[in-house]
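The following exercises concern strand pairing, burial and model confidence. Each task is followed by a stepwise solution.

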Amino acid sequence: MTDRPSKHRAVMDLGREEWLDALGLDAHKVPKAVIMEGSWWRAERTEWRLSYLDDVRELAFPDMFYGFWQGTPVVYSCVYGAPRAVELAHLFGVLGTPRMVMIGTCGALDPGLDTGDVVVPSQAVAREGVAYLYKKDIEDPRTFRADPELTEKGRLALEKRWVRATDSLHLTWSSIFAQSGAMVAQWRADGFGSVDMEAATLYAVAQHFGFAATALLAVWDQLDADRSFLDPLSDEEQDNLEAANTAVFEAALEITASLS
């Protein structure tokens with residue numbers, strides 16, 4: 001029988017120097033901002049978003065792209081779902097990145113939300129199976145708050161781009177497939193106005209490590225009207241959604257990388 005090592009190191013126990021070494025990144029080059037995007041369309045989104053950045057290179061871990069926006073080091077990654085989002089947030093949380101933004105799309109539960117609006121949730125309730133692992137001594141271990149200053153700057157940056165930005169009691173759920181009509185009705189009855197798969201995860205990790213985080217989520221699905229992402233949009237709705245998808249990334253750059 002092979003003896004087991006006397007000391008075990010789990011990934012969650014690894015420190016800053018170990019992650020810097022794993023990434024092949026110098027300590028003085030830690031990014032000032034991380035922007036992550038929840039999307040199926042990884043190749044398309046990545047090509048589009050990286051076109052905004054200079055001197056882009058992929059880090060040692062796949063789909064983590066390091067570049068510069070107006071001279072500020074930024075990391076962009078297309079993630080999908082809480083298990084992927086938590087990896088990026090945790091890694092750069094350990095490294096000390098001060099600001100992170102989740103962009104992407106969400107489903108509307110509030111009939112007052114239209115396709116192309118952007119939800120900037122000041123708080124998100126986690127039911128995705130990951131965020132609770134990062135909870136600290138808080139009253140409600142499932143509810144996590146965004147950074148108020150970063151969130152307000154996000155709303156202002158969107159409105160400057162003529163995109164309607166709104167707050168909502170936001171739910172982060174585990175899967176776009178594992179949701180039934182009965183679930184949607186219950187979420188609405190519980191007061192939720194919007195739903196995604198990553199925002200609460202980012203907020204939880206931000207609370208754990210002490211960095212500022214917010215989310216800018218373009219409304220796509222109209223779940224209150226039984227319309228999923230499979231249903232066609234009108235020309236106006238499609239235009240509004242495309243404008244919102246552009247605005248969320250530009251706003252994310254503005255409110256993170258442009259700050260000292």
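**Exercise 1.** Determine how strand β12 is paired and whether its residues are buried or exposed.

*Solution.* Step 1: strand β5 (residues 99–108) runs parallel to β12, and 10 bridges join the two; strands are DSSP runs of E with at least two residues, numbered from the N terminus, and two strands pair if DSSP finds at least two bridges between them. Within this pairing, Cys 106 has Val 219 of β12 as its bridge partner.

Step 2: β12 also pairs with strand β6 (residues 118–119), here in the antiparallel sense over two bridges. Val 118 is matched with Ala 218 of β12.

Step 3: 11 of the 11 residues of β12 (residues 212–222) are buried (under 20% relative accessible area, 1.4 Å probe, protein chains only). The strand is therefore largely enclosed by the rest of the structure.

**Exercise 2.** State where confidence is lowest and highest among the elements of the protein, and which residues stay under 50.

*Solution.* Step 1: this is a predicted model, in which local features need pLDDT of at least 70, side-chain atom pairs count only at pLDDT 80 or more, and totals for chains, interfaces and linings use all residues. Residues are numbered from 1 along each chain as its sequence is written, and side-chain values use heavy atoms, without hydrogens and water.

Step 2: pLDDT, the predictor's confidence in each residue from 0 to 100, averages 91 over the protein. Confidence is lowest in helix α1 (residues 16–23), with a mean of 88, and highest in β6, at 98.

Step 3: over residues 1–6, pLDDT stays under 50. The model has zero contacts (heavy atoms within 4.5 Å) beyond four places in sequence for these residues. Where pLDDT is low, predicted coordinates should not be read in detail.

Terms used:
Buried means under 20% relative accessible area, exposed over 50%, partly exposed in between (1.4 Å probe, protein chains only). Helices (H or I, at least four residues) and strands (E, at least two) are DSSP runs, numbered from the N terminus.
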